[in-house]
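Thank you all for coming; I would like to take a few minutes to walk through one chain with you. Please have the sequence and the model open on your screens while I talk.

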Amino acid sequence: MEVCNETGYFQKYAKKFRRAIGEKEFERFANLASDRERFTFVNELKWRVVNDLPLERTLNEGKCLENALACEAEGQLLQNAADWPGALRCYNRCYLLLPEECGHEKALLLDKRSQVLFQLNKYDQSLEDLDRAIAFGYPQELRHELWERKARLFQQKRDLKSAIECFDQTVDWLSRSKLTPEERTGRIEELKKITDVVYYQYKNLQKYLEPPRGARVFHPHLDGGIQYASNETDGRFAMAQANLKPNQLILKERPHAAVLVREYSATHCSHCFERIEVLHPCPICVDVVFCCGRCERSALGSYHRFECGFLRSLWGSGATIVSHLALRIIAQKPCTYFEALREELTNLSPAVTDKLPSDDYRTVFQLVTHSDKRNPEDYLVWTLMATMLNSILRLGNYSTTQPDDGFIGYLVLHNLQVVNYSAHDVSEVQRKRPNEAGKSVAIGAALYPLLALFNHSCDPGIVRYFTGTTVHVRTIKNIAAGTIIAENYGPLYTAMARTERRQSLASNYKFECHCDACEAGWPKYADMDESVIRFRCTGHTCQEALLFELASETYVIRCRACGEMVDIRERIKLLQEANMLCRFNEASHLYRVGLYEHALSKYAAIMIIMDQILVPPYRDYHLCQQGIRRCCLDLGACYVEWPTAEK
């Protein structure tokens with residue numbers, strides 16, 4: 001990955017800056033020893049071409065009352081025609097476009113959207129809209145209608161106590177309505193009768209009702225069979241300290257920071273990456289949306305207040321998601337937080353960081369940067385990008401109390417390098433129709449401090465999938481105690497030849513791969529010889545492959561590693577008794593009908609049996625792993641464009 005692409009104004013800006021500083025100053029930059037010095041050097045010189053950096057804050061751009069009211073009118077027509085999904089889409093669009101100062105219009109809109117959500121059985125979202133309508137100043141003479149709807153919603157949720165309280169509020173607000181005294185009295189009598197019925201139900205059902213559930217608490221998970229180790233060759237890595245079987249959930253982690261790609265900024269929640277059903281907008285910009293009030297408050301209370309108004313300029317610059325994520329890592333926490341860590345960052349050790357939660361910046365700071373492998377020309381561009389991102393923080397009033405001594409800018413430069421080598425794409429399975437083959441699509445990027453420590457293999461032992469921004473990691477093969485637990489950074493041995501794989505990894509991640517597939521020169525899937533079976537030696541500690549040609553009439557083979565004579569007929573008999581084809585077809589059927597957990601168990605059982613008898617690589621091994629991967633991806637975020645056959 002890079003910090004910017006060829007499109008946008010930043011590339012031109014960087015080239016002009018390079019010409020402006022000349023060779024002597026560039027040589028001085030090339031000889032600098034630390035990122036702190038590099039950032040300070042470039043930041044002091046960038047004024048020479050600062051006018052070519054059109055970095056400005058555009059607030060309220062895209063908000064338009066006229067366009068919003070047109071969407072509302074269209075939504076009203078669809079609501080009258082009982083097209084609830086269509087009305088919801090129009091009301092969502094209207095809410096996004098309403099300017100910040102239009103509180104009255106927002107209150108009336110949220111009332112209408114609440115009615116639609118009621119019809120769609122989205123009771124919690126309907127209640128949230130009602131509360132917001134009241135907060136935006138919904139007319140007092142009509143407020144009794146909102147309280148009555150709240151009561152009806154709580155009835156549907158079987159929260160009878162809250163329903164009674166809302167019916168009582170309805171009666172109170174009727175006193176401020178514009179109804180005639182006779183109409184008001186009639187309504188109060190009706191409501192009292194309804195309240196009496198609900199109260200009777202509440203008293204009779206109280207002992208059977210479940211207590212209301214509180215908010216779910218996220219619990220990160222790291223399997224006890226995993227430990228982190230290090231050596232000079234592999235750096236830091238995850239290792240199995242107990243035997244791991246296929247289909248074990250070994251890691252569940254929320255990101256330290258996450259950023260949506262621009263293409264999904266209007267369809268997914270900017271904070272949690274869930275697809276938007278009920279839209280909650282930023283009151284100032286139209287560049288981000290949120291799925292609920294909780295995500296909206298979290299974002300507006302932290303990073304978005306500094307990014308708001310700059311996103312279009314950032315996207316227009318050609319800055320990649322690497323740059324945005326490096327910025328987000330800083331913007332999501334106050335400046336004082338980083339100042340408090342200033343002295344600690346230079347003396348971090350795994351003994352300290354391994355005990356810290358994922359949201360602690362120290363877990364991120366200690367990840368690899370490969371700064372010693374970067375040439376000065378690239379380093380100059382990266383440092384210049386750090387100065388631009390730091391300018392966004394400065395113009396957004398990120399730091400109003402701390403002196404601008406370059407410390408935050410230095411952290412941004414450090415983050416750019418960490419993110420480039422340690423971030424992961426956050427994916428969603430997308431398909432046109434149900435039962436079609438899905439495609440895993442990157443909708444964003446995130447930094448997971450624990451997952452980032454997993455090393456690469458072209459034959460990985462794990463698969464990762466996502467629910468929102470949370471990553472889940474499962475094993476897809478047997479992993480023996482004492483061996484590295486590896487994930488995959490891109491090329492699989494089954495799809496790309498070793499030379500190309502190694503070139504790709506060296507270019508993007510600055511290392512030469514020495515996994516089993518690379519060292520032994522495993523063939524691609526299409527080149528695997530189906531006429532040869534790779535049986536496992538039966539020696540006590542031997543793992544060598546015994547190559548048996550199907551056309552051969554010799555069934556006793558001497559192992560080249562341990563010298564043991566192995567009767568292949570026993571191995572063949574075990575394969576026949578295992579009935580692999582039937583098991584595989586059962587697992588595939590379970591996947592097709594949507595029973596992913598059951599399919600996973602079947603695939604995992606096949607992997608365990610095959611691993612006892614055979615040695616990879618072979619086609620069935622890869623196909624079974626692919627089955628596990630497909631199931632796991634479908635357990636995560638999925639989107640079907642046309643979910644019903646009729647449509």
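**Helix α24 and the two sheets**

Let me begin with helix α24, which lies across β8 (424-431), β9 and β16, and which runs at about 90° to β8. Before going further I should say that what you are looking at is a predicted model, so please keep that in mind throughout.

The strands I have just named belong to an open sheet of four strands, in the order β5-β9-β8-β16, with mixed pairing. At its edges stand β5 (257-260) and β16 (638-640), and because each of them has a single partner strand, one side of each is left without a neighbour in the sheet. From one strand to the next the twist averages 35°. If we look at the β5 end in detail, β5 is joined by four bridges to strand β9, residues 439-447, and the two run antiparallel, with A257 standing opposite L447 in β9. Another helix, α13, which covers residues 321-331, lies across β5 and β9 and runs at about 140° to β5.

Now to the other open sheet that I want to show you, which has four strands in the order β1-β4-β11-β10 with antiparallel pairing. Its edge strands are β1 (221-222) and β10 (462-467), each of which pairs on one side only. Helix α24, residues 619-635, comes back here, since the helix also packs on this sheet, where it touches β10 and β11 (470-475) and its direction makes about 20° with that of β10. So which strand does β1 pair with, and through how many bridges? The partner is β4, residues 249-253, which runs antiparallel to β1 and is joined to it by two bridges; within this pairing, L222 has L251 of β4 as its bridge partner.

I would also point out a hairpin, in which β2 is joined to β3 through three residues. Six bridges connect β2, residues 226-231, with β3, residues 235-240, in an antiparallel arrangement, and Q227 has M239 in β3 as its bridge partner.

Let me turn to the backbone. Most residues other than glycine have a negative phi, and most peptide bonds are trans. Against that background, the peptide bond from P616 to P617 is cis, with omega near 10°, and P617 lies in the loop between α23 (596-613) and α24, which brings us back to the helix we started from. Two residues that are not glycine have a positive phi: N60, with a value near 65°, and K510, also with a value near 65°. N60 is found in the loop between α2 (35-45) and α3 (65-80), whereas K510 sits in the loop between α19 (498-509) and α20 (516-519). Are these two side by side in terms of exposure, or which value belongs to which? N60 is partly exposed, with a relative accessible area of 34%, and K510 is likewise partly exposed, with 26%.

Finally, the chain as a whole. Its secondary structure comes to 24 helices and 16 strands, and the C-alpha trace spans about 100 × 75 × 45 Å along its principal axes. Of the 647 residues, 49% are buried, and among contacts between residues at least 6 apart in sequence, 67% join residues at least 24 apart. The chain exposes about 31800 Å², of which carbon and sulfur atoms supply 50%.

Notes
Residues numbered from 1 in each chain as written. Predicted model: local features only at pLDDT ≥ 70, side-chain atom pairs only at ≥ 80, totals over all residues. Heavy atoms only, no water. Buried < 20%, exposed > 50% of the residue type's maximum accessible area, 1.4 Å probe, protein only. Contact = heavy atoms within 4.5 Å. Areas by Shrake-Rupley, 256 points an atom, 1.4 Å probe, with all protein chains shown as cover. Pairing = 2+ DSSP bridges. Axes fitted to C-alpha atoms, helices over the stretch in contact; angles between N-to-C directions.
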